[in-house]
Each structure stands twice: as C-alpha cells, then as structure tokens.
Amino acid sequence: MGFRFRAAAAVVSAGAVITLSTPVASATYAPAAPTSSASKTTSSAERSNTKAPAAQRSATIDGITFAKLPQGLGAVSTFESTTDDDTAVVSQVWESEDEEGWTVDLSISVYRSPGLTSPRAFHDWLVPWQERPVDEAQYRRTIVRRTTVWIGHDQAFWLADPGIGVSVRLDTKRRSIGDLHKVVHASVPN
C-alpha cells in the first residue's frame with residue numbers, strides 16, 4: 001500500500017471546492033480530460049483504473065516540465081489550491097486501484113509564493129506544511145545540475161526559481177527509488 005491523497009470531502013464535479021487534510025484555504029479539482037462525450041466527472045472512488053497512455057512519459061504542471069515519468073501510472077487528476085499563507089499550489093496526482101482501494105502512484109506539486117526565496121526557505125516552509133510524521137520527513141540535501149534538491153525515501157523537492165518550488169512524491173513501495181531519481185534528474189533545469 002502506498003500513500004493516499006487525503007481529501008476530506010468527495011469531489012463530485014469539475015470546479016468543486018474541496019477541503020484537503022493539509023492546511024489549505026481552498027482547492028478546486030479538475031479531472032482528467034473526458035475520453036468521450038458520455039464521460040462524467042466522478043469522485044476518485046468511482047473512477048476507472050485507466051492506465052496513463054504509454055506515450056504519456058512527461059507532464060507540464062503550472063509551467064514546469066517533468067520529462068521522464070515512470071511507466072504504468074494510473075489515472076491522473078489535477079488539483080489547484082491556495083494555502084492559508086496564500087501560496088498557490090497546482091498538483092497532478094496519478095492513482096491506481098488495487099485490492100485496498102485507490103493508491104497514489106505519483107504526486108507532483110508546484111508551489112508559487114514570494115516567500116520561497118531560497119532552497120532553505122522552501123525546505124523550511126514545505127516540511128512543516130506537509131505535516132508528515134517525523135520518521136517520514138527526513139531529507140538530505142544534494143546538488144543536481146547546480147540546483148539544491150532535498151531528497152527523502154519517497155519524495156524530492158527543490159526551488160525551480162525564486163518563488164517557485166517543486167515537489168515530487170512517488171510510491172516507493174511499488175516503484176523504485178531510481179524512478180524518483182529519474183523524474184528529478186529529467187526535471188531539474190540545466
């Protein structure tokens with residue numbers, strides 16, 4: 001079992017306001033593009049377990065390109081939110097259904113705030129904001145292409161530019177830590 005995207009309220013329509021378990025002031029949900037005119041927006045509990053097309057090996061989220069996504073990701077959903085301190089968050093979440101329900105395969109978030117002035121400022125804001133258990137929130141600082149990247153057992157994050165932070169979280173119980181490293185190395189600018 002991997003990590004689960006914890007939404008307190010079911011999302012039932014595009015543009016619906018939802019409340020997330022992490023501290024946010026508001027959020028909207030934008031489902032993946034419908035595959036036919038008969039498609040409807042549904043909650044994640046009703047979504048089919050459609051794999052991302054093999055050709056979808058990259059994604060652009062809020063202007064940041066992620067050039068090398070792992071193969072076999074589940075259905076993708078996009079979430080936009082604003083935190084209590086007015087940080088704008090755009091996330092894409094890929095989920096697969098297993099015997100225990102829906103599990104997040106990969107979650108990528110882009111954070112925009114004038115307060116994200118340095119890699120350390122982003123680290124010091126993101127780690128407490130996520131409210132992860134202490135044993136899960138252990139990160140080491142490393143350098144990828146002259147960029148400071150904080151990496152843990154299932155997550156990596158970095159400051160793409162002043163004011164723009166990026167976080168990538170991967171279910172490392174079902175995928176390798178090497179997959180996380182590939183996403184990071186293909187996404188950090190030269």
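**Exercise 1. Place the salt bridge between Arg120 and Asp124 in its structural setting and decide how accessible its two partners are.**

Solution. In this predicted model, the side chains of Arg120 and Asp124 meet with a nitrogen-to-oxygen distance of 3.3 Å, which falls within the 4 Å required of a salt bridge. Turning to secondary structure, both residues belong to helix H1, which covers residues 119–130, and they lie four residues apart, about one turn of the helix. For accessibility, Arg120 has a relative accessible area of 43%, and Asp124 likewise has 43%; because partly exposed covers the range between under 20% (buried) and over 50% (exposed), Arg120 is partly exposed and Asp124 is partly exposed. By the same rule for salt bridges, the count comes to seven.

**Exercise 2. Work out which residues are joined into one network by salt bridges that share partners.**

Solution. Begin with Glu136 and Arg132, whose closest N and O atoms are 3.2 Å apart in a salt bridge. Glu136 is partly exposed at 27% relative accessible area, whereas Arg132, at 11%, counts as buried. Next take Arg169 and Asp154, whose side chains form a salt bridge at 3.4 Å, N to O. Arg169 sits in strand S10 (residues 164–170) and Asp154 in the loop between strand S8 (147–151) and strand S9 (155–161), so this pair ties together parts that are 15 residues apart in sequence. Both Arg169 and Asp154 are buried. The final step is to join the pairs: through shared partners, Arg132, Glu136, Asp154 and Arg169 belong to one network.

**Exercise 3. Describe the largest nonpolar core and identify which element supplies the largest share of it.**

Solution. The largest nonpolar core has 26 residues, and those with the most contacts inside it are Phe66, Trp94, Trp158 and Val168. At least two residues of this core come from each of strands S2 (59–61), S3 (64–66), S5 (88–98), S6 (101–112), S8, S9 and S10, and from helix H2 (177–187). The largest share, four residues, is supplied by S10. To see the surroundings of one member, leave out residues up to four places away in sequence: Phe66 then touches, among others, Ile61, Ile108, Val110, Trp158, Val166 and Val168. A second, separate core has 13 residues, including Tyr111, Phe122, Ala137 and Leu159.

**Exercise 4. Classify the ring pairs Trp125 with Trp129 and Tyr139 with Phe157, and place them in their cluster.**

Solution. The count of aromatic pairs comes to six. For Trp125 and Trp129, the ring centres are 5.1 Å apart and the planes stand at 15 degrees, so the pair is stacked. These two residues are four residues apart in helix H1, separated by about one helical turn; Trp125 is buried at 16% relative accessible area, and Trp129 is buried at 13%. For Tyr139 and Phe157, the centres are 4.9 Å apart and the planes are at 75 degrees, so the pair is edge-to-face. Tyr139 lies in the loop between H1 and strand S7 (140–144) and Phe157 in strand S9, so the pair ties together parts that are 18 residues apart in sequence. Tyr139 and Phe157 are both buried. Ring pairs link Tyr111, Phe122, Trp125, Trp129, Tyr139 and Phe157 into a cluster.

**Exercise 5. Establish where pLDDT stays under 50 and what the chain averages.**

Solution. The protein chain averages a pLDDT of 76, with 69% of the residues scoring at least 70. Over residues 1–55, pLDDT stays under 50, and for these residues the model has 108 contacts beyond four places in sequence.

Conventions:
Residues numbered from 1 in each chain as written. Predicted model: local features only at pLDDT ≥ 70, side-chain atom pairs only at ≥ 80, totals over all residues. Heavy atoms only, no water. Buried < 20%, exposed > 50% of the residue type's maximum accessible area, 1.4 Å probe, protein only. pLDDT = per-residue confidence, 0-100. Contact = heavy atoms within 4.5 Å. Core = buried A, V, L, I, M, F, W, Y, C linked by side-chain atoms within 4.5 Å. Phe/Tyr/Trp six-rings, centres within 6.5 Å; stacked < 30°, edge-to-face > 60°.
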